Amino acid sequence: MVDDRDSHTSDPASIRRFLERTLPFHELPAAALDRLAVEFRVDFFPKGMRVLRQGESPVDFLHIVRSGGVKVYFTDPQGAVTLKDFRGEGAYFGALGILRDSKANFSVETVEDTFCLFLPKEMFRRLLREHTSFAGYFLKSFSEELIDTAYSALRVDGLRGVTEDRFHLFTLTAADVIKRLPESITGSESAQAAAKRMSVLGVGSLLVTDPGGETVGILTTKDLRARIVSAGLDYSTHVSDVMSSPLHAIPADAGCFAALLTMMRLNAHHLPVRRGDAIIGVVTAHDLMVHQSASPVRLLREIQTESRIEGLHRIARNAPYVVKSLVEQGAKANDICKVITVINDHIAVKLIGLIHAELGPEPCAFSWITFGSEGRKEQTFKTDQDNALIYETPAEDPESQKIARMYFRTLAAQVITHLEQCGYPPCPGRMMASNAKWRKPYVVWKNYFEHWMTTPEPQQMLHAKIFFDFRHVFGHHRPAGDLRDYLTIEAPERGLFLMHLAKDCLSGKAPLTFFRNFVVEKDGEHKNRLDLKTRGLVPFVDFARVMALKHGIKETNTLTRLRLLDEAGHIPHELYTETRDAYEFQMQLRLVGQLRMLDRDEPPHNYIDPAELSEPEKQTLKQAFSVIDDIRSYVRDEFRVVE
């Protein structure tokens, strides 16, 4: 701590010039800068001195580095140290403690001889009260610091016993795992020539170039097997006729986990890496698999090669352990949900495909869809079945309609049964394709949505909230695509329907008492626990949905909806960053909590015990919940809703 005995004044004119080029002081009016210039003190701290000690030092001043530098770090209850960052000239520390009126939230230590300016906390608080933009800058930084600290605590808590060498997927870039320069072949050469070239070079892929030397595709050993050998084509077939094109490449500075997600999405085992306009190498699934003990890529390969329905049961039940390894390695919630979605989709597609093959051709085009959290690609370790089936309206003759009903009833019944054996419990409300109500022709589904939008009664609103998040998984894209196109056009025109959805958004209040304590269950199985899904996450999901429907956005994922709304200028950017950070932190807390339940051999649920959270986690969760009030205020003004 700094006090007057250890400090001295500096030239006010010099301090003023320094503040004029330092964020956010440079935005203050001249009169405020003149007052500040005489309020600041200056002090010297030698290299290696601890200026603030986490949890012990009172924070009586805002410190600004005039010259030199400090490191800021966080120590968890077990003594593990996480470096937050280094701060040099113009950077500050101490604001978080002043804003929270707490002891130092981090330890701060000089890394070289350092001069600091320091401003008494009462003067700093006065500036926050009197200057809105100045306060906004520090409150935004406060949010980021608190979230970073809480993520650090979450990561440490979730990684007991995990060694640092298991974090390569999240520390290495795609460029880091490239083993050699890429090899290429022209598209006019034969498949046989390509096979010989791969064999001689000992590679599993070749970039394909056009006559001008531009890379236009990639040819892999998998392509040769599937498109030449299995298809019975002649080995003289041109490479350009069997290559994979267009070329999907990932930036060289993208993380290995991003590369893994891209491979899973494309169902590919080779991924070109681009730096600028040049392809600098090809990363393989094997390159990434060696950096982790349990690989989603390996799991997907097992799913794809499994030829028996019963074999899928075992593979699917291993999926949580693969996802668990990613959580342990530090992946964030949004990425984890993407992995869970890809795995669940692959299992569903393979399962439906095997059953479909046994039943024979369908009488008319159909689309298997999911909705709810599955439709939003936001599944966690606790995932019930939420699915339905849309088929093209058959011919009007009774026999055609009967054949369609019988075929899809059999298909749906078998799929639901085997999904349950794969570890996906049935929906308690029977919102599944095995329920005849949710297995209908396109025209009936269109009438469903029309009714929900014109009859905003409680049950209809519940159906709307669930089903409006649907997405296609298997079969023909057309039925689901036509329905989505219809809704994208119609929903923005249904003002009364949107207003009722907006009113529903206002029903979810922040689960905090007047004194900012958590609102927990009073009794029952989850007494003294907080329902993180219903009370915390649902308000964000509902907000993103109603705004996406209003503006004709087709995407169903909550974070993607928020990003697209921000990019189009439909919501304030500050509200976007607040909702994004608050939502993702809660998702992370939910995933880590469910992971701990699995470790204890407990069935995962959505309740958390606030008493088990660290102090940074509690503070960040309270801040995340406070964003719900911002959402409600915005919705109230946007839709002119009177409560």
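How much area does the chain expose, and what share of it do carbon and sulfur atoms supply? In this predicted model, the chain exposes about 29100 Å², and carbon and sulfur atoms supply 51% of that area.

Let me turn to the overall composition. The chain contains 24 helices and 20 strands. Of its 643 residues, 52% are buried. Taking contacts between residues at least 6 apart in sequence, 72% join residues at least 24 apart.

I shall now consider one sheet. It is an open sheet of 4 strands in the order S1-S8-S3-S6, and the pairing is antiparallel. Strand S1, residues 41-45, and strand S6, residues 92-93, stand at the edges; each has a single partner strand, so one side of each lacks a neighbour in the sheet. Strand S3, residues 61-67, runs antiparallel to S6 and is joined to it by 2 bridges. In one of these strands, S6, Phe-93 is the bridge partner of His-63. Helix H4, residues 121-130, lies across S3 and strand S8, residues 114-120, and runs at about 65° to S8.

My last topic is helix H17, residues 442-454. At 1.5 Å a residue, its 13 residues should span 18 Å, which agrees with the 18 Å between its end C-alpha atoms. Which residues of H17 are buried? They are Tyr-442, Trp-445, Tyr-448, Phe-449, Trp-452 and Met-453. Seen down the axis of H17, these buried residues fall within an arc of 125°, and therefore they line one face of the helix. Their cover includes strands S16 (387-391) and S17 (439-441), together with helices H18 (458-467), H19 (477-490) and H20 (495-506).

Terms used
Residues numbered from 1 in each chain as written. Predicted model: local features only at pLDDT ≥ 70, side-chain atom pairs only at ≥ 80, totals over all residues. Heavy atoms only, no water. Buried < 20%, exposed > 50% of the residue type's maximum accessible area, 1.4 Å probe, protein only. Contact = heavy atoms within 4.5 Å. Areas by Shrake-Rupley, 256 points an atom, 1.4 Å probe, with all protein chains shown as cover. Pairing = 2+ DSSP bridges. Axes fitted to C-alpha atoms, helices over the stretch in contact; angles between N-to-C directions. Expected span 1.5 Å × (residues − 1). Arc of directions from axis to C-beta.
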